[in-house]
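Visitor: Could you show me around this structure, step by step?
Guide: Gladly; here it is.

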Amino acid sequence: MIERFLKQTTFTSVEDYNKNLEFIIPENFNFAYDVMDVWAEEKPEGLAILWTNDQGEEIRTTFAELKEQTDQAASYLMSLGIGKNDPVMLILKRRYEWWVVMLALCKIGAIVIPATHMLTKHDIVYRNTRASVKAIICVDDSYVVSQIQAAMSESPTVKQYVAITDHGKPIPEGFHDWQTEWKKSPKFVRPAFVNTNDDTMLMYFTSGTSGEPKMVAHDYLYAMGHLSTGVFWHNLHEGSLHLTVADTGWGKAVWGKFYGQWFAGATVFVFDHEKFNADTLLRQMEKYKVTSFCAPPTIYRFMIREDLNKYDLSSLEYCCTAGEALNPAVFDKLKEKIGLNIMEGFGQTETTMTLGTFPWMTPKPGSMGIPNAQYDIDLIRADGTPCEDGEKGEIVVRVGDRKPIGLFKEYYRDPELTREAWHDGLYHTGDMAWRDEDGYYWFEGRIDDVIKSSGYRIGPFEVESALMTHPAVVECAITGVPDDIRGMVVKATVVLGKEWKDKAGDDLIKELQQHVKKETAPYKYPRIVEFVDELPKTISGKIRRVEIRKKDAEK
């Protein structure tokens, strides 16, 4: 498959990859037709999806069967009046139908907007209004349906509501019934013209760590940009069974459960569950013999607290992580327990993987890796000049005459916000890092998260990594607190392990402070330590340091 889209398909070194990665870009590329339907012809019996849930249900779908289902779904959606460039919001959790609908919308040239099931009425109205959403397809969850129904009167652009229910359940008022209607649709006829490479295919609302969510628009080549994600970073092949832990409402789902995995011809493994439990997840990996696994560091933190000797993970070949920076202590512990490295990657909703640790590299625990050859990555100072090795700066993408494959088009309907992030030939990520002498990048934090104390610039991640090496700490967040003498001082908000909770107090605070002084430069230690049961997070699971700072300011 990938030989259709790359001039060279295998690489043996960083130099080889950087020099020879070159895409073959078809005219009017469409992932659903040019990848998935081709697999249906060439590998009809190949397993495309292995879906299961916490109720013990299971669906196994071949590439040929998936083509039939997506054609039928496309026909049904067209019968509802959905066509080219129509924005359609999906709130489907990890329901099997999400994969079918995603491909069906691609086949008719509609714009898909995946969204999380945790949205409130306000969130839904905001998204409907900002994107002029024409249809909503949702899971029949009482909370989801109630919030959508509450938003209906304030969502005049939405013309169709479709609910995917379990068989036999009543249909929510105002909704079409997916289960009974989609199979009655007429035979699918491919539209005469579906898309250009520049058309908008996909839009995501960012998680809103520092303000209202931004609306990130991606073109049809964004899908091709993830070829590197699945084939090279995840190191997948046609025999792989890959599991990425991600909600379908967030960009990480298409990073790990869709485009790149199917470029590789791998099987996408899905475990649909209501509540995360490390033991349950590990049992699923053991039962189905998952070969490749990707999850945010938070998931790994809980996994390594299990007795991994209880599980047969012998089928597991490869582990990756993204979404947050990986603490080296987590890397070392997993390596010790199961003998596998965690290969880190970095990117944003606005990009595909921009930095990564590839199979031909030796990972450095805690490093994001090196630039993906798709992107011209650099670090710059506040004045825009390039940083030297070892110097902290903002991660930027240098954009020449041609937009890199995978970089977003724009913040939809917000040219001012687009210009703020993308100007003078640079896309500004807003993330800080430093680069070592081998070209590996090390995350420091968001620009707004950097703490300036007594003339020092302290990145929260370096202090968090030091704290994470203490056995008491499950999770932590480092923020700055205003101080009359130092300008700011470092504060640690800490979630303790169960066996340490009754030890929370001054003695443990002193122990943690001394521990940080030993693990990193002493001036970085947290002068304030607060123990909490949980950290404030966005609905995508990212720590909201801005909320901690706000609460501290109110105090």
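**A guided look**

Guide: Just after α14 comes glycine 339, which has a positive phi near 80°. Helices (H or I, at least four residues) and strands (E, at least two) are DSSP runs, numbered from the N terminus. This is a predicted model, in which local features need pLDDT of at least 70, side-chain atom pairs count only at pLDDT 80 or more, and totals for chains, interfaces and linings use all residues. Residues are numbered from 1 along each chain as its sequence is written, and side-chain values use heavy atoms, with hydrogens and water left out.

Visitor: Which residues of helix α14 are buried?
Guide: Buried means under 20% relative accessible area, exposed over 50%, and partly exposed in between (1.4 Å probe, protein chains only). The buried residues of α14 pack against α13 (297-303), β13 (318-321), β14 (342-347) and α16 (460-468), where contact means heavy atoms within 4.5 Å. In α14, which spans residues 328-338, the buried ones are Ala329, Val330, Phe331 and Leu334.

Visitor: How wide an arc do the buried residues of α6 cover around the axis?
Guide: Helix α6 (residues 142-151) has Val144, Val145, Gln147, Ile148 and Ala151 buried. They lie on the same side of α6 because the arc they cover around the axis is only 165°. That arc is taken from the directions from the helix axis to the C-beta atoms, and its value is 165°.

Visitor: What covers the buried residues of α6?
Guide: The cover includes both strands and a helix. Among them are β3 (87-91), α5 (121-131), β5 (135-139) and β6 (160-164).

Visitor: Which backbone nitrogen does a side-chain oxygen of aspartate 141 reach at the start of α6?
Guide: This is a polar contact, meaning a pair of N or O atoms within 3.5 Å; within protein, one must be able to donate a hydrogen and the other to accept it, and residues adjacent in sequence count only if both atoms are side-chain atoms. The oxygen of aspartate 141 comes to within 2.9 Å of its partner, the backbone nitrogen of tyrosine 143.

Visitor: Why is strand β16 largely enclosed by the rest of the structure?
Guide: Strand β16 covers residues 367-371. It is largely enclosed because, of its five residues, the number buried is four.

Visitor: In β22, which residue is the bridge partner of glycine 369?
Guide: Two strands pair if DSSP finds at least two bridges between them. β16 pairs in the antiparallel sense with β15 (residues 353-356) over two bridges, and there leucine 355 stands opposite proline 371. Two bridges also join β16 to β22 (residues 441-446), again antiparallel. In β22, the partner of glycine 369 is tyrosine 441.

Visitor: What is the phi of asparagine 28?
Guide: Asparagine 28 sits in the loop between α1 (14-20) and α2 (31-42). With 29% relative accessibility, asparagine 28 counts as partly exposed. Its phi is positive, in a residue other than glycine, and is near 55°.

Visitor: Where is serine 132, another residue to look at?
Guide: Serine 132 is not a glycine, although its phi is positive, about 50°. At 24% relative accessibility, serine 132 is partly exposed. Its place is the loop between α5 and β5.

Visitor: How many salt bridges does a search of the whole structure find?
Guide: A salt bridge is a side-chain nitrogen of Lys or Arg within 4 Å of a carboxyl oxygen of Asp or Glu. Some form a network, which links Asp37, Lys67, Asp71 and Lys107. The search of the whole structure gives 36.

Visitor: How many residues apart are arginine 4 and glutamate 42?
Guide: These two form a salt bridge, with the closest N and O atoms 2.4 Å apart. Arginine 4 is in the segment before α1 and glutamate 42 in helix α2, so the pair links distant parts of the chain, at a separation of 38 residues.Visitor: Is lysine 491 buried or exposed?
Guide: Lysine 491 forms a salt bridge with glutamate 530, the closest N and O atoms being 2.6 Å apart. The pair links distant parts of the chain, with glutamate 530 in strand β27 (residues 528-531) and lysine 491 in strand β26 (residues 487-496). Glutamate 530 is partly exposed at 27%, whereas lysine 491, with a relative accessible area of 3%, is buried.
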